[in-house]
Amino acid sequence: MKGLFILSGLGILAMLAEIFKFKKVLYPLVLIGIIVAYALGFTEWNANFNIPMFSNMIRFDNVALAFSGVILATSFFWFILANDYFEKDHITDHFALVLFALVGALMLTAFSNMTTLFLGIEILSIPMYVLAASRKRDLASNEAGFKYLIMGSFASGFLLFGIALIYGATGSFDLMAIRAYISHNGSELPAFFYAGVLLVLVAMLFKVSAAPFHFWAPDVYEGSPTVITALMSTIVKTAAFAAFMRLFLVTFGGVNETWGMILSVVIALSLVVSNITAAAQQSVKRMLAYSSISHAAFMLMAILANNRGMASVSAILYYSLAYSIGSIAAFTVVYHVSKEENGSSNLEAFNGLAKRHPLMAVCMTVAMLSLAGIPVTSGFFAKYFVFSLLIGTSFNWLIILAILTSAVGVYYYFKVIIAMYFKAPAKHDGITIDSSHAVLLLLTTLITIALGLVPNFVIEIFG
Amino acid sequence: MLGYTITQWLFGVLSLMAIMFALMVVFTRNPVNSVLYLVLTFFCIAGHYLLLNAQFLAVVHIVVYAGAIMVLFLFIIMLMNLNADTEPRKHIVTRVIAGCIGGVLLFVMVGALKGAEQLQLVQGGSSQIGLVKNLGKVLFTEFLFPFEIASILLLSALVGAIMIGKREKTVEEIGN
């Protein structure tokens, strides 16, 4: 809760920096602010569990705090990665927009009312539309921002329509009241309530970019500046899943027959479409976009196993943490390689990276292994926990499909590793990177391995 | 009249007009006409708000949407000189698929809302509900948090619009 206020305040402070000319100290100030927000989260742990705030509009329970922790930690790493981004034009605007997006992300972890859900999604999305288009002279970036805006507004329309129908049936925006309504008259819910749930499902599937609502994702991910792509695939994704989980695992858990089968088809489609298309990509950035669709499918699998209670929640928490940290490492390397190659992130650009910058090659290898789900890295355990949730349910076939498509995933992740180690580089001069980025790479790589060694640290966080 | 009350007649006529104008927004090929039909649709919806005792909302709806936003819309269309029928025709396959998907959604909505008129009202409305006084009371008590956090939303939209819209320094200016 306090983190939310601190980030809002920082966002407003960032805009004042333009007027009162303290742009230089803004960057360290934001980093300190995020650390403080993170630390204050610890003081709230268990403290106000289940105490509704503001007439039950928002509820920072332990689940919300854990997901905010993931978001804040990732955003700290992201700000280190993005230090170049804040050295060009519109510094204060960029800071303000990113911080406001973080406010929206934190709201999505903790909402307990449909109005706060909608506001959270919009506060997260609108800065993202602008940031996607923030490289104004680049046509691809403009296209990305425009496409994201049009498609995102369309999805918001679906969300509002769904919320309206649910309100019509239950007479309340409150998640607890909706949940009570479902369990109270379970068998005789009006038909339009189900229609409302399905419309909300469509909107949320769009926000997490699951197939067949994924068409925007590759273009937007490729067109946006690389650091913004990193923000989208980590923080936006984590926040969207926290919201998805709160809605479908908790609130609509009672009507899972309605959305369960549809969700399983969506997951199967996402797994097949994303992995097969990713294998055919030449651009690593685009490949990571498709891989994010396949990771979304894995996290949806944990939501599908909705009778496992807190086990599902901690599996999603672990998955989003592992995926975010791995992605930050991968995007740091992609950022430097594409900067070297004048913006191109084609596979050839990675040729012989091991000779040009051994540290980046090692860290990229660990990140790729983690995203592919090879043991010892955290990515393996993330997938393992998801599978263990679904085993024994009627969705066993999804596990088999997921393992088969993961094998395809190994192929395209290893294409990058092979290019780095076994292909001759086009240029032989070394690449220099900031020392802060070198530290960031080392840190994210260590966390990826450490999370794989002691997964219980996260899995048993809810006791 | 025919067993219906005045309110029911008004509701029927307004709904029919709203749907008709909304369809015209989509089917007209001239963007200016399209916007004008959208204004008419907004007026019909404002009529619905009045029937629901939401007088304040109806007025705000007309002032903000039909007034401010639609005028902005028209300005942009005229500035960009879009008033000719410039929209390219989509391929027939695209149109058939889009029609099918839209039709399925319509089918679901009609099916879902069929029979809904027999349901008990979950929340009865009071005749005072649309007054500014009551609206303000709800906004500053129950909906205080969303009301305040909406300012962040507006602020980020504002910052974003300025960032996108601001003229970049040209190469010569940077050189100086």
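How many residues of chain B are in contact with residues of chain A? I looked this up in the model, which is predicted.

**Entry 1: where the chains meet**

I found 26 residues of chain B in contact with 30 residues of chain A. On the side of chain B that touches chain A, I noted helix H4 (92–113) and helix H6 (144–165) of chain B as the elements that give two or more residues. The largest share of that side comes from H6(B), with 14 residues. I then sorted the residues of this side of chain B by character: 20 are nonpolar, four are polar and two are charged.

**Entry 2: the nonpolar cores**

I next turned to the cores. The largest nonpolar core has 184 residues, and A:Met107, A:Leu300, A:Met301 and A:Tyr319 have the most contacts inside it. Helix H13 (residues 310–340) of chain A gives the most to this core, namely 18 residues. I also recorded a second, separate core of five residues, which includes B:Leu38, B:Phe42, B:Ala46 and B:Ala58. Leaving aside residues up to four places away in sequence, I saw that A:Leu300 touches A:Ala210, A:Leu263, A:Val266 and A:Ile267.

**Entry 3: two helices of chain A**

I examined how H13(A) packs with helix H15 (residues 358–372) of chain A: the angle is about 140° and the axes are 9 Å apart. Because of this angle, I entered H13(A) as oblique to H15(A). The crossing of H13(A) and H15(A) is left-handed. Among the residues that meet there, I listed A:Gly326, A:Ala330 and A:His336 from H13(A), and A:Cys363, A:Met364 and A:Ser370 from H15(A). The residues of this contact divide into ten nonpolar, three polar and no charged.

Key. Residues numbered from 1 in each chain as written. Chains lettered and ligands numbered in written order. Predicted model: local features only at pLDDT ≥ 70, side-chain atom pairs only at ≥ 80, totals over all residues. Contact = placed C-beta atoms within 7 Å. Helix = DSSP H or I, 4+ residues; strand = E, 2+ residues; numbered from the N terminus. Nonpolar A, V, L, I, M, F, W, Y, C, P; charged D, E, K, R; others polar. Core = buried A, V, L, I, M, F, W, Y, C linked by C-beta atoms within 7 Å. Buried ≥ 20, exposed ≤ 12 C-beta atoms within 10 Å, placed from the backbone. Axes fitted to C-alpha atoms, helices over the stretch in contact; angles between N-to-C directions. Parallel < 35°, antiparallel > 145°, perpendicular 65-115°, else oblique. Left-handed = near helix turned anticlockwise from the far one by under 90°.
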